[in-house]
Every structure is written in C-alpha cells, then in structure tokens.
2 protein chains.
Amino acid sequence: MSEVRDKTLRAKAATRAMNRLTTEQKNEALLAMADALIARSASIIEANAIDLERGRANGTSASLLDRLALNGQRIEAIAEGLRQIVELDDPTGRIVEETTRPNGLHIRKISVPIGVVGIVYEARPNVTVDAAGLCLKTGNAVVLRGGSAALESNRRIVAVMHEALARTSLPPEALQLIESSDRSSVDEMLKLNGLLDVIIPRGGRSLIQNVVQNATVPVIETGEGICHTYLDDEADPAKAEPIVINAKVQRPSVCNSMETLLVHERYAGAHLADLAAKLRDLGVELRGCAKSRTLVPWMGEATEDDWRTEYNDLILSVKTVSGLDEALDHIREYGTLHSECIVTEHAGRAETFLQEVDAAAVYHNASTRFTDGFEFGYGAEIGISTQKLHARGPMGLPALTSTKYVVHGSGQIRG
Amino acid sequence: MSEVRDKTLRAKAATRAMNRLTTEQKNEALLAMADALIARSASIIEANAIDLERGRANGTSASLLDRLALNGQRIEAIAEGLRQIVELDDPTGRIVEETTRPNGLHIRKISVPIGVVGIVYEARPNVTVDAAGLCLKTGNAVVLRGGSAALESNRRIVAVMHEALARTSLPPEALQLIESSDRSSVDEMLKLNGLLDVIIPRGGRSLIQNVVQNATVPVIETGEGICHTYLDDEADPAKAEPIVINAKVQRPSVCNSMETLLVHERYAGAHLADLAAKLRDLGVELRGCAKSRTLVPWMGEATEDDWRTEYNDLILSVKTVSGLDEALDHIREYGTLHSECIVTEHAGRAETFLQEVDAAAVYHNASTRFTDGFEFGYGAEIGISTQKLHARGPMGLPALTSTKYVVHGSGQIRG
C-alpha cells in the first residue's frame, strides 16, 4: 500500500476517537504540542539546518530561505499560535437548528468535524503546526503534505507533536505527514474520495491550480488575489493616498495586496502624478494604460498580461477609467473574486460598487489588506476562500466543520 | 463558440441584473412562470408526446416512460410547486454576521446568490421547472442540462417560461437550457471554472459519478443512498416492524429507502422469521448472510456485492450481527453517509449510534424515508447532499446561497 493511502486510512480510523473528545481534551493536546515544540526547539532547528543547507546548495532564493528558516524566536511564535487556537471557542457540537415536526420527529442539525482534512502546502514549516492545530481543535484528522524543501523540518516537527500527543487523549494517528516528496503523492491525495473529505491547498497559483484541476475530492480553493482599488472622482485624497500605499506596499507578497489601481479620469488629472511619484519613491514599479501614461510619462506600459497578473511584488498596474461603470467592467473581467475596494465620498456609488462587485470581500474606504482571519476577529485562519461554496473569504475554525441531522422519533413512518 | 459556453456566458451576464432584483420581483416572475405553464399546458403535452413516442420506439421501460409523461394534472402539480417556492422566505440579503472592529472597520457578512448554478439531470421534466424555480428564487442564474429523453418537453417548457419572464423584471437569459444531447456538452459544463460557480447533479449513480470524477467546477454531490436500519436486541417490535417495512416498501426507488437491514442476533432469533415473511408478502426479495439464512432458510444468499448495492427496488439485504459494534463496523464499511437508523429502547446505545455514525442524517426509532426537504420543513429541496462541504442532507433554499463580506471604513490602513 502506498504511503499516502496507508496514512490517510490511519487518519480516517482515528476520526472515531476524535469525535468523542471533549473541548478540554483537544485543548490539552494542543498545549502539550506547544510545550513540546519549545522544549525540543534545538532539535527542530537542527533538522531545519539540513533543509536550509540543501536549499542553499540548490540555489534557493534568499526570500524563500527566509520563509523556510526557523530559530528560537520563530518557534516561540509558532507555539504561541497553538496557544491562541486553544483560546478560541470550539465550533463543533453546536445545535445549528432544532425543530419538532408536526408528526413528533425531533430534528437537530448539529455542527460536527468534517472528518479527514488534507492540506497541500509549500515551504513554510509554520504551516505544519498551524494547520495541525486548527484541524485537531475542530476534531478533524489531518493529512499534511508540505513542500519537499521543508521535509526535514516538517518530519522533526511532526515527530515532536506525535510524542506530545502520545501523552494526551488525542490519538497521534489523527495527525499524518506525507513524507514522499514525489509529485505523485499529491496526485494520489487528490483522488482519495471516501477517505479524504476535503483538500485545502495553500500556496502559489500553480500549486492551487494543480489541486483545483485534478482533484476529485472536494476542494476549498484559496488564495489567488488580483485585487483592485478604485479611486472615484469623489475620492478624498487624504484617504485615497494612504489606502493605495498600504494596499500595495505594506506586504506586497500576500494575496490581499493590491495589484491594479483604477483611477477616475478626473481624479487622475488632479492627483495621479503626485501619487505615482510617492509610490515610485517607495520602490514601486508602475505600469500604466495609455491614458495614465499621458499624465505620468515616466510610467512603464501595461500590457493585457499585466491586468491578469498577481505580481505579489512591488509592481502596480494603473488604469485610468471614465467612471464607475468602466471600473466595474474591468474588475468583472480581471478580478479573482478576492478583495476589491472603492474610495469615494459618494454614498450612492459606494453602494453600487459594494453591491455589484462579486468578491469575497468588498471595501469602502479601507485597504484590501484587511481580508484576513485575524483582522476580521476570527483569531485564526486556515486560508482565504476564493470560491463560493462552503466558505468564502477568511476561514476561521467554523470553516473546518460540517453538520449532521440527528433525528429522534418514537416509531414514526412516512405516509 | 459552443452552445454550452455561449449560454453559460449569457447566464453569467444576467447575474448582474439578478443581483438587483427584490424578493417581490423574483416572486412575480415565478408566479408568471406558473401561470404560463398552466395556460400553455396543451402545447407542453404536445411536445411531451414526441418524447414519449421516441421513448416507446427506443424500447424505454414503462417506469421511465411514466417518469417522463406529462398530463394536465402533472403540469398543475408542477406549477403548484413554483407557487410553493414563492411562499418561502428569500434567503439572500441576510446579515449573517455583523461586527465593528476596534479600528472602526464595520464588517457585515451578507448572504448572496451563488451566481451561476449548473444542474445536470435525467429524464423527469418536472426537474426543469423545479430547479429553475429554486435557482431563480435565490437570485441565481441557472444552466439546465436535462436528459435527451425529455428534450422536446424541456425545450417547450423553457420556451414557455422564457415568454413569461419576458413580461417580468427577471431577465429571461438567467434561465438557460442546453439542448445538445451529446455527452460532450456535459463534459464541457464540468470544466467551466470561472463561469459556472457550482454544478449539482441529480440522477442515478453513473450520472453523479461522472460529474464528481470529471468536474473541475465545484460540485455538490447528491443522492446515492445505501441506507441501513439496525434493530438492536432491545428494539421494540411494535416500532421496528413498521419502520423496516416503511423504509423498504413505501417508495423503494428513492435514495432514502433502506437497502440493508442489520439485526442483533437475539432480536433475529425472536423476530426475524416473522418480519421476513411479512416483507416477502409485500413483494420484497430478501438476500441474507449465512446466520440470517439459518433462521430464515428460504431467504436468498447475500454476496459482498449486495452490501455495496443501492437496489432502488423491492430487494433487501439482511445481516445478523453480534451487536452494536458489528453494526457500526458494517455501516462504516458500506454506508454512503446518507441516512442510517437504529431501533432500540436503550438510550445509551441509541446515543452511541447517533454519535458514531457518520451520515447526513442519523435516526433513532424513525424511518430513514424522512430525509427529505419537505419532511424536514424546508418547503423545497434542490437535492440531498451526501458530501460534507457547503451543505449536508436535504438542501433547501439557503444551500443555493453564498456569502460576501461588505466592509465600510473611513480610511483605515493595516499597521
């Protein structure tokens, strides 16, 4: 039997015991995992050094090496993340609906764990702990398949968590790590209908698209964000400028950062040259449409490809539009249903934008960077869904639950 | 451009107008559709006659011809179904969550239409009206792809509904029927990511499995039901017998009927012979395990295949088990997560069963036949989900909605 099938079967077998755990037992297990990560941090850093060395030898970029690297402080932060999950309400076991039918049937719809959750992700070893904590807190078993660049780190981290779990009521087999770095191990996970209840991809576009295109198991699509900010002709420059700068510059590598700025032609005439210069001074490369370039001649030229690109970098495409309708058309054509913003003092146009734009999060006069489980007050996040089924936008713990109808009767039959 | 892509693009274009409709406008449109179906019933019956004639010429079974056949009374019932949908609450536009963050951001999570819903189904033309009504009431555009056996009926029905919609505020283009009876038209729908937001298959196992196995668009899996009833040794025969007979005999062709009876050996010793004889007298063919056949020698033999078969017919497999654990193991191995029942007067064992069995609906002392949107009080049903994401069990109108975060700020940026 393959590693993937074997470990997923073990995870599935563990769901029985997981279903019976109390919130306290799950919390104790998460705290034990956090303590063990701190206690064994030297060992984890040792394993991480092997990954880093191999990465350097393979010519891995400095920014990727930085994402991969662990030290005492980072392990403290990872353990602290688990402790924060402990503090969150347990979303399982809740009565979502309750009714007694005229025939006397008593029907309760109860929130339950999903079952076995598969997570496919890339190099950052903190995801290993974070995803494990979120899935186990919600009573799910979890099968992790991290990137090969972090394999030694992930192995050690999971071994440490397994040791910790062995001293708790939570079955260690509920946490599985696929160690095969072969791409076929991902392909196999994607087809495990009946064993895996859902797969959540976390990573870049190619990882996510591979999962979406090839999975027969249900998927929650996350992450890709070509986010727009539209500056209306009644935008207040005192709000528009900080919002644009924040959405682009504060953390350009993430999905909720802005990729395209849409500017009403009147606002552009008055303010674009100044705003563009400020962005340039902050290190942003600008690529504009023809109209924008007549106003800011030093700007590079935006091609059709630019409107379709999630730069995740200090690059911004800029389009000057004739008004709200053209902005809406552009977003409809190029948006990824993630986060979209209008800056305006005109209430009616703001309402139209919020109503018409089809996205997980729509903003009036605030940075798109707020699309995040912590910023929304959920205290944790398993990802940001860009699909419309099951969960949309930042996913907190409830996104890791399903429901079940529990029906009590006294001999009722259907007439 | 293919018919499928062209019509789906039109449906998507119509979602803008759909989003702006009030509940009253949607209800007026549904009532206009209902009135038109009645007014034009002669024309619909005429088209249906062509389908029936072709079906007879092709040697279609009498039961399939019956499902396909329309008459005045059936069209009245179909129109009445639309009027019932009008009476239901509109699940869109609801504030699901609302919060103001410490930084002043005002965040509302609002229920919205999903967008464009694809429905792939088989011969029954009533589904054409029912699915259209449910999708339009929830503000969605819908792309219908019915079976070729009902093509003339579906064409005429949709033409009548289009005429009716043209006199209302609801854009007729929100309702699309794929007329190509080529299997490739289904295959094309399954891959329309970005145009179709979800596909819901309604039909038999092979139709559903084709969709699940080949779709890259998100799917809500429905329907397959290998449902079990477990008679505990403390089952009350006065409840057990009517529940078993109802679950098997009342309507064997549907997914919530029982396919396998599990019987505690003590209960079997006392009651199985009698119960089996009653089922036989009702026309049920019984196929038992070795233990069951020692008690009821005239019973046929159940093979491994029987435990895995959704008969949808007057056939029942019977297994005598040593107790609750063996029953749970059997359901875990062969169940389809649909509907499962325990009959017992023992509260503790009932609780264990309800807790441990992983299914959309679990029953204590009631027939599995109740897993149904109408029986649960939802007033309508777009299908019964057997997956765990988005919706599980009978799906009423809320299953056809998504959510959207609408965020109002006053210039907030992320620190």
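**Exercise 1. A helix of chain B**

Which residues of α3(B) are buried? Work this out in the predicted model, and then check the length of the helix and find what its buried residues pack against.

*Solution.* Begin with the burial of each residue: the buried residues of α3(B) are B:Ser41, B:Ser43, B:Ile44, B:Ala47, B:Asn48, B:Asp51, B:Leu52 and B:Gly55. To understand such a pattern, recall that an α-helix has 3.6 residues a turn, so residues three or four places apart point the same way. Next, look for the partners of these buried residues, which pack against α2 (23–39), α4 (62–68), α5 (72–87) and α7 (151–166) of chain B. For the length, take 1.5 Å a residue: the 17 residues of helix α3 (residues 41–57) of chain B should then span 24 Å, and this agrees with the 24 Å between its end C-alpha atoms. Finally, follow the chain just past the end of α3(B), where B:Gly59 adopts a positive phi of about 75°.

**Exercise 2. Two chains and an axis**

What turn and what shift lay chain A on chain B, and which residue of chain A comes closest to the rotation axis?

*Solution.* In general, two copies of a chain are related by a rotation about an axis and a shift along it. Here a turn of 180° and a shift of 0.0 Å along the axis lay chain A on chain B with an RMSD of 0.0 Å. That is the relation of a two-fold axis. The same surface serves both copies, since 100% of the contact residues of chain A recur in chain B. Among the residues of chain A, A:His390 comes closest to the rotation axis, its C-alpha lying at 1.8 Å. In chain B, B:His390 is placed in the loop between β14 (384–385) and β15 (393–394), and B:His390 has a positive phi of about 70° although it is not a glycine.

**Exercise 3. A sheet built from both chains**

In what order do the strands of the open sheet of 10 strands follow one another, and how does β16(B) pair with its neighbours β2(B) and β13(A)?

*Solution.* Write down the order before looking at any pair: the open sheet of 10 strands runs β10(A)-β9(A)-β11(A)-β8(A)-β7(A)-β12(A)-β13(A)-β16(B)-β2(B)-β1(B), with mixed pairing. Its edge strands, each of which pairs on one side only, are β10 (300–301) of chain A and β1 of chain B.

Now take the pairs in turn, starting from the chain B edge. Strand β1 (residues 95–100) of chain B is joined to β2(B) by five bridges in the antiparallel sense, and B:Glu98 stands opposite B:Arg108 in β2(B). The hairpin of these two strands has five residues between them, and in it B:Gly104 takes a positive phi near 95°. Strand β2 (residues 106–113) of chain B is mostly covered, with seven of its eight residues buried.

The next pair is also antiparallel, with eight bridges joining β2(B) to strand β16 (residues 401–412) of chain B; here B:Ile107 stands opposite B:Val407. On crossing to chain A, one finds that strand β13 (residues 361–366) of chain A pairs with β16(B) in the parallel sense over five bridges, and that A:Tyr363 stands opposite B:Val407.

**Exercise 4. Two polar side chains**

Is B:Asn140 buried or exposed, and which backbone oxygen does the side chain of B:Asn140 reach? Then describe the surroundings of A:Arg414.

*Solution.* First locate B:Asn140, which lies in the loop between α6 (126–137) and β4 (141–145) of chain B. Its relative accessibility is 0%, so B:Asn140 counts as buried. The side chain of B:Asn140 reaches the backbone oxygen of B:Leu400 at 2.9 Å, and the residues that B:Asn140 touches include B:Met18, B:Pro113 and B:Cys135.

Turn next to A:Arg414, found in the segment after β16 (401–412) of chain A. Because its relative accessibility is 16%, A:Arg414 counts as buried. Its side chain reaches across to chain B, meeting the backbone oxygen of B:Arg369 at 2.8 Å, and the side chain of A:Arg414 also makes a polar contact with the side chain of B:Glu375 (3.2 Å). Other residues in contact with A:Arg414 include B:Asn246, B:Gln250 and B:Phe370.

Methods. Residues are numbered from 1 along each chain as its sequence is written. Chains are lettered from A and ligands numbered from 1 in the order in which they are written. This is a predicted model: local features need pLDDT of at least 70, side-chain atom pairs count only at pLDDT 80 or more; totals for chains, interfaces and linings use all residues. Side-chain values use heavy atoms; hydrogens and water are left out. Helices (H or I, at least four residues) and strands (E, at least two) are DSSP runs, numbered from the N terminus. The expected span of a helix is 1.5 Å times one less than its number of residues. Buried means under 20% relative accessible area, exposed over 50%, partly exposed in between (1.4 Å probe, protein chains only). Contact means heavy atoms within 4.5 Å. Copies are superposed by least squares on the C-alpha atoms of residues with pLDDT of at least 70 in both. A polar contact is a pair of N or O atoms within 3.5 Å; within protein, one must be able to donate a hydrogen and the other to accept it, and residues adjacent in sequence count only if both atoms are side-chain atoms. Two strands pair if DSSP finds at least two bridges between them.
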